[in-house]
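User: Please take a close look at one loop in this model and at the features that go with it. After that, work outwards to the charge pairs, the cysteines and the backbone details.

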Amino acid sequence: MQKRVNLTINQKYLKKYLNGYPLLEKESVKSWNNITKEGTIVNLLDSKKRFIAKGYYGKQNKGYGWVLTLNEKEKIDKPYFSHKISNAIKYRESFFKDKTTTAFRLFNSEGDGVGGLTIDYFNSFYMITWYSLGIYRFKDDILNALKSQVKYKGIYQKKRFDSKGQYIDDTTDFICGKEAPSPIIIKENSVNFAIYLDDGAMVGLFLDQREVRKTIRDKYAKDKSVLNTFSYTGAFSVFASLGGAKKTTSVDLAKRSLSKTKEQFNINNIDIEKQDIIVQDVFSYFKYTIRKDIKFDMVIVDPPSFARSKKHTFSVAKDYVKLLKDIVNITNKGGTIVASTNYSNFNMNKFKLFIDRAFKESNRKYKIEKSFSLPKDFRVSPKFKEGDYLKVLFINCI
Ligand code: SAH
């Protein structure tokens, strides 16, 4: 028998949970004191001890756990997870069939009914990410539910247990099946990508930007000079180059970005000699471009929500306007800025206000041409709109 703990919802939050809100917030219940163990099943009750919802306790950056069902009788066991995973597979049927894209998200946390858990597909290999020790306690049931429903070559995992979502570096992230080559090559809209399943926290590609990359390649890049800031493995640069960009310039602080970006260009037969890959703090690079009067037709900016370098601490919430102003400065008239953020604490409207401020303070006019949020495989729960964290705008600089 699973141990269960009853928690009383604070009156203020009652309506939210009655309506199906999935996140257990610290303040939402009267006391968490009875719980000692991550993964404990909790029943949320109202003040009259009536059942409202059932979930699990698992501390992560967003909260204290997630609601799993509104049905008091439902057990949280292998059939429960099998059902969720089966629905998730059905929802991605078209992705499994698509031969030109072989990497996508199979299970997206509360969007697929189980907060704190994601599963990504990389060309017959699967990557499970556990966002708390609490959800990790269900590993056997979840793994068995997955294994019994998909054909897989191998399964890997990432543990991001602590409250900041930081990655826990085990000796290996491999769980079962066959070990993957390092790297494996996946396709995204016919473009090759090297993916490392067992090399630290990140695998080399952020799948949620798929449609943005495609739009850059198919509709924007031709004959443009393109600057990709915070470029990581150069994914946007590769797509820009394949879309006919005159030249791409990728700038990232991390030393590894140089070899990683070269690798992505190489496996797509792009001439590296014609591209610039620069390992530098973007803020120093902006100063350099202003000194040399270098401008671009297209600038892509997709920074991390927080970053600390030797010279700067950057936070999207405080510094995005200033960052955009630097970028407006080095974008040609008629050019395009692709502004992106995955910061979940503000929504698209607030992001648009940041853009507006940056242009007003730069005395420049602009027009928003396209707007993107998460793609279909990153399924969002209608009860948890803040789960749709991605905001990307294509801005024409007039
Ligand atoms: N835009 C990328 C993902 C960015 S991940 C993509 O779509 O693939 C964030 C990257 O920002 C990391 O590679 C990190 O090294 C880099 N970074 C953080 N602070 C930076 C700074 N001040 N200057 C340049 N790069 C920075």
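Analyst: Asn 347 sits in the loop between β19 (331–341) and α11. The model is a predicted one, and in it Asn 347 has a relative accessibility of 46%, so the residue counts as partly exposed. Along the chain, Asn 347 and Lys 385 are 38 residues apart, while their C-alpha atoms are separated by 9.5 Å.

The loop leads into helix α11, which covers residues 348–361. This helix holds a charge pair: Glu 361 forms a salt bridge with Arg 357, with 3.5 Å between the closest N and O atoms. The two residues are four positions apart in α11, so about one helical turn separates them. Glu 361 is partly exposed, its relative accessible area being 43%. Arg 357, at 45%, also counts as partly exposed.

Helix α10 (residues 316–329) contains a pair with four-residue spacing, Asp 326 and Lys 322, which are about one turn of the helix apart. Their salt bridge has its closest N and O atoms 3.0 Å apart. Here the two partners fall into separate classes of cover. Asp 326 has 14% relative accessibility and counts as buried, because the cut-off for buried is under 20%. Lys 322, at 49%, counts as partly exposed; a residue must be over 50% to be called exposed.

The pair of Asp 120 and Arg 105 joins two strands. Their side chains meet in a salt bridge with an N to O distance of 2.7 Å. Asp 120 belongs to strand β7 (residues 117–122) and Arg 105 to strand β6 (residues 103–108), so the bridge ties together parts that are 15 residues apart in sequence. Both Asp 120 and Arg 105 are buried.

The loop between β6 and β7 contains Ser 109. Ser 109 is not a glycine, yet its phi is positive, near 50°. With a relative accessible area of 10%, Ser 109 is buried.

Over the whole structure, the search finds 16 salt bridges. Side chains of opposite charge can pair when their charged atoms come close. Salt bridges also link Arg 92, Asp 112 and Arg 379 in a network.

Some lysines are grouped by charge instead. Lys 255, Lys 287, Lys 310 and Lys 311 gather in a patch of positive charge on the surface. Patch members have no salt bridge by the criterion used. One of the four, Lys 310, is found in the loop between β17 (306–308) and β18 (313–315). Its relative accessible area is 90%, and Lys 310 is therefore exposed.

How many disulfides does the search of the whole structure find? The count is zero. A disulfide is a covalent bond between the sulfur atoms of two cysteines. Among the cysteines, Cys 176 has a relative accessible area of 13% and is buried. Cys 397, at 0% relative accessibility, counts as buried too.

Helix α7 (residues 235–242) is mostly covered, with seven of its eight residues buried. Among those buried residues are Phe 236, Val 238 and Phe 239, as well as Ala 235 and Ala 240. The buried set also includes Ser 237 and Ser 241. After α7 comes Gly 244, which has a positive phi near 95°.

The remaining points concern the backbone. Most residues other than glycine have a negative phi, and most peptide bonds are trans. Lys 49 has a positive phi of about 65° although it is not a glycine. Its place is in the loop between β3 (41–45) and β4 (51–57). Lys 49 is exposed, with 64% relative accessible area, whereas Ser 109, with its positive phi, is buried.

The peptide bond that joins Ser 182 and Pro 183 is cis, with omega about 5°. Pro 183 is in the loop between β10 (174–177) and β11 (184–188).

To return to the loop asked about, Asn 347 is partly exposed and lies between β19 and α11. The C-alpha atom of Asn 347 is 9.5 Å from that of Lys 385.

Conventions:
Residues are numbered from 1 along each chain as its sequence is written. This is a predicted model: local features need pLDDT of at least 70, side-chain atom pairs count only at pLDDT 80 or more; totals for chains, interfaces and linings use all residues. Side-chain values use heavy atoms; hydrogens and water are left out. A salt bridge is a side-chain nitrogen of Lys or Arg within 4 Å of a carboxyl oxygen of Asp or Glu. Buried means under 20% relative accessible area, exposed over 50%, partly exposed in between (1.4 Å probe, protein chains only). Patches are made of residues with over 30% relative accessible area and no salt bridge: like charges are joined within 9 Å, nonpolar side chains (Val, Leu, Ile, Met, Phe, Trp, Tyr) within 5 Å. Accessible areas come from the Shrake-Rupley method with a 1.4 Å probe; for residues, only the protein chains shown count as cover. Lys and Arg count as positive and Asp and Glu as negative; His and the chain ends are not counted. The place of a charge is taken as NZ of Lys, CZ of Arg, CG of Asp or CD of Glu. A disulfide is a pair of cysteine sulfur atoms within 2.5 Å.
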